[in-house]
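Colleague: I'm new to reading models like this one. Could you take me through a single part of it slowly?

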Amino acid sequence: MRCFSLTVGICMGLVATLTAASVYADSDEEKAAANPANWAMPRLNNSLTAYSTLKQINTGNVGKLQVAWTFSTGVLRGHEGAPLVIGDVMYLVTPFPNIVYALDLNHDGKIIWKYEPKQDPNVIPVMCCDTVNRGLSFGDGKIFLHQADTTLVALDAKTGKVVWSVKDGDPTKGETGTSAPFVYKDKVLVGDSGGEFGVQCHMTAYDIKDGKRVWRGYSEGPDDQTLIDPEKTTSLGKPVGKDSSLKTWQGDQWKIGGGCTWGWPSYDPQLNLIYWGSGNPSTWNPSQRPGDNKWSMTIWARDLDTGVPKWVYQMTPHDQWDYDGVNEMILTDQRINGRERKLVSHFDRNGLGYTLDRVTGELLVAQKYDPAVNWTSGVDMNKNSANYGRPTVVERYSTETPDVNHTGICPAALGTKDEQPAAYSPETQLFYVPTNHVCMDYEPFKVSYTAGQPYVGATLSMYPAPGGNNMGNFIAWDGKTGKIVWSDPELFSVWSGALATAGGVVFYGTLEGYLKAVDAKTGKLLYKFKTPSGIIGNVMTYEHGGKQYVAVLSGVGGWAGIGLAAGLTDPHAGLGAVGGYAALSNYTALGGQLTVFTLP
Amino acid sequence: MKLRAGAAGVCALTLTALWTGVVMADGSGDPAAVKNQDGKYYDKQGNPTYSIKADGTVDWYTYSGFIRYSSECLRCHGPDGLGSSYAPALVDSLKTLSYSDFLGVVAGGKKAVNTAQDLVMPSFGTDKNVMCVADDIYVYLRARSNGAIGRGRPDKHEAIPAAAKKWQDTCFGP
């Protein structure tokens, strides 16, 4: 037992070191995030509200905003995400080849260091819908980059030197990296893309110190792969039971089942739970994969340390429309029906805005956030019903029958909202949501699976929702009641993440390239400026040298650049209706640029 | 009569000139169908081509090509072959690409990675969802490239020929 006590001694020493290390890791990132001058996380904070307490720029003076400085990224493809600002340094990442820049804010963005990974360009064509990258993360003195080829790299924030690097997935099977990594406590979380290639997708936690894999939870498969505890993991209040995923797939189809995880996870430090959504099941032809296809299209609440889910909720069982469930999970504390509750809100591609109790996973609100949504008549909220929590599918918009053109389905596959994240202001208690207002015809057919090749199986055409020419809206949403408070129509889909500020101003970008500032209470336009290219990035703000700045990446691309470049046509407009709708290519061209604004 | 004959001669000349213009805008030459073999149309060089009736009815392959294009190619090349922020407009590419060029690029892929751009098209040589219907996609794009059909889903199409059905069953497998 001498050995034991000795071990204990060493162990205690180790524990002390480890604790100090993790406290450091913790405080480094949290300290940076707590300073309102910084923008130290992809969506500013772990709740993903993108609400800044900065208020130098406010409703009274935002009209005087001017460009302070600009920066060309040198890359042409679609620029999603937003830069980080920590102290005097701004960090940003480009689309493929994923160049990382550290820019000196004391010298109008002079380049402090630049890191360009070497990646096989063969990853480019397996990236569905452009070579985007949604941003970097910071923690433990490191900048984390999630490359297109799924490599997760930790760079020394001061020098740009590689500290460690790990391969998360296999691009030869269609698995790619587009999402921002997320740093919570002592872990770096990484999700994958590849739902259109039949990838069995997963979320993985790596140790912030050395990149060692801590856990990996798949979206579908046996319990030892999903990390689901059949007794403790619940769905709508009930334990899910053994192999809850396997039972909902035919044969081995779960192995190519999709359910990708390229969205925006949030974190509640008190509950130690992370929240994110899983994407569409593969293929897009629903008749080829009978069953509910769990747990694709699901809101997950997993323990950060173990990866074991506390609860799951599947929004769109047996998806028939490619309504990927990956969109951001925003955490708020609000009063519902007289009771203060910890909530998670989510604007799904399927057109429903969800609010759940984030402790228990109880479903509180599920309402359409675009009146055009027609594939469902609503979610069954009756707890005693056999269909509790399920959306009722309107028969004529089901795409279950293959080789038939199913018409007039709203929203289109790009969803009422895609990845571009919403913001939430605790002052107005409203969510600010960039939306699409587009419908589709959907014709599924049989496809065969080849590893690393697209596995789609549906043809679809998209067109603006009936009754107007606008393909997008920027809306304010009350998550407690599930109601639209105001709605600003936009010519094109709004494909830019929103920013809410204590100055009472909400910012977003448009596909034509405008940065827009609107009144948080009314949606009234207060300022706009045309940047050089269409905006699919997220607006961010920071303070430097006592001045507040607002910054956004321009650079059209992504699904929006592909789907809308040529302009949509209405296949049901009948003879004589020519062209119909605005073509994005008439408004903007490629080119990555950062534009930074401030008051004169 | 002489005069009329002369006018006819001028007319024929003009037509030839116009025709040459059309020919030059198709990488495979004159797209006019001269042969119908089991519902599949061929030009005088033996390349697959489209057949559009006066009432707008398109041949099966043009229709099938629209469906398959929209599923396999649209994601990069945009709706209706019109290009996107990501990849070129194939309605333009086919003005210079021949049928065999087209098949070569589809099967082998294409790379243009340089300081100005990173354009990479994958090889679809082993992808049945593309290779089994490569002719269909070609015929559809050829029709689009020559302005024989407009944007969107063709309204009316010929029924699937027995030969096409048999080919699909053989090529895709069970």
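What follows is a close look at one helix pair, with a few other spots for company.

Colleague: Let's pick the place where helices α5 and α7 of chain B pack; at what angle do they do so, and which residues meet there?

Modeller: Sure, and keep in mind that this is a predicted model. Helix α5 of chain B covers residues 99–108, and helix α7 of chain B covers residues 134–145. Their axes sit 11 Å apart, and the two helices pack at an angle of about 125°. Angles from 65 to 115 degrees would count as roughly perpendicular and those over 145 as roughly antiparallel, so α5(B) and α7(B) come out as oblique to each other. As for handedness, the crossing of α5(B) past α7(B) is right-handed.

Now for the residues. On the α5(B) side you'll find Tyr99(B), Phe102(B) and Leu103(B). Across from them, α7(B) brings Ala134(B), Asp135(B), Ile137(B), Tyr138(B) and Leu141(B). Sort that contact by class and you get seven nonpolar residues, one charged residue and no polar ones.

How far can you trust the chain around this pair? Chain B has a mean pLDDT of 85, with 86% of its residues at 70 or more. The weak spot among its elements is helix α1 (residues 2–24) of chain B, which has the lowest mean pLDDT, 41. At the other end of the scale, strand β3 (residues 48–49) of chain B has the highest, 98. Over residues 1–23 of chain B, pLDDT stays under 50, and the model has four contacts beyond four places in sequence for that stretch. Where pLDDT is low, don't read the predicted coordinates in detail.

For a change from helices, hop over to chain A. There, four strands make an open sheet in the order β3-β4-β5-β6, paired antiparallel. Its edges are β3 (84–86) and β6 (110–115) of chain A, each pairing on one side only. From one strand to the next, the twist averages 20°. Zoom in on β3(A) and you'll see three bridges joining it to antiparallel strand β4 (residues 89–93) of chain A. Ile86(A) stands opposite Val89(A) of β4(A) there.

Chain A also has a neat example of a hairpin, built from β13(A) and β14(A) with five residues between them. Strand β13 spans residues 202–207 of chain A, strand β14 spans residues 213–218 of chain A, and five bridges pair them in the antiparallel sense. Thr204(A), for one, has Arg216(A) in β14(A) as its bridge partner. In the turn, look for Gly211(A), with a positive phi of about 80°.

Terms used. Residues are numbered from 1 along each chain as its sequence is written. Chains are lettered from A and ligands numbered from 1 in the order in which they are written. This is a predicted model: local features need pLDDT of at least 70, side-chain atom pairs count only at pLDDT 80 or more; totals for chains, interfaces and linings use all residues. Side-chain values use heavy atoms; hydrogens and water are left out. pLDDT is the predictor's confidence in each residue, from 0 to 100. Contact means heavy atoms within 4.5 Å. Two strands pair if DSSP finds at least two bridges between them. Axes are lines fitted to C-alpha atoms, for helices over the stretch in contact, and angles run from 0 to 180 degrees between N-to-C directions. Angles under 35 degrees count as roughly parallel, over 145 as roughly antiparallel, 65 to 115 as roughly perpendicular and the rest as oblique. A crossing is left-handed if the near helix is turned anticlockwise from the far one by less than a right angle, and right-handed if clockwise. Ala, Val, Leu, Ile, Met, Phe, Trp, Tyr, Cys and Pro count as nonpolar, Asp, Glu, Lys and Arg as charged, and the others, Gly among them, as polar.
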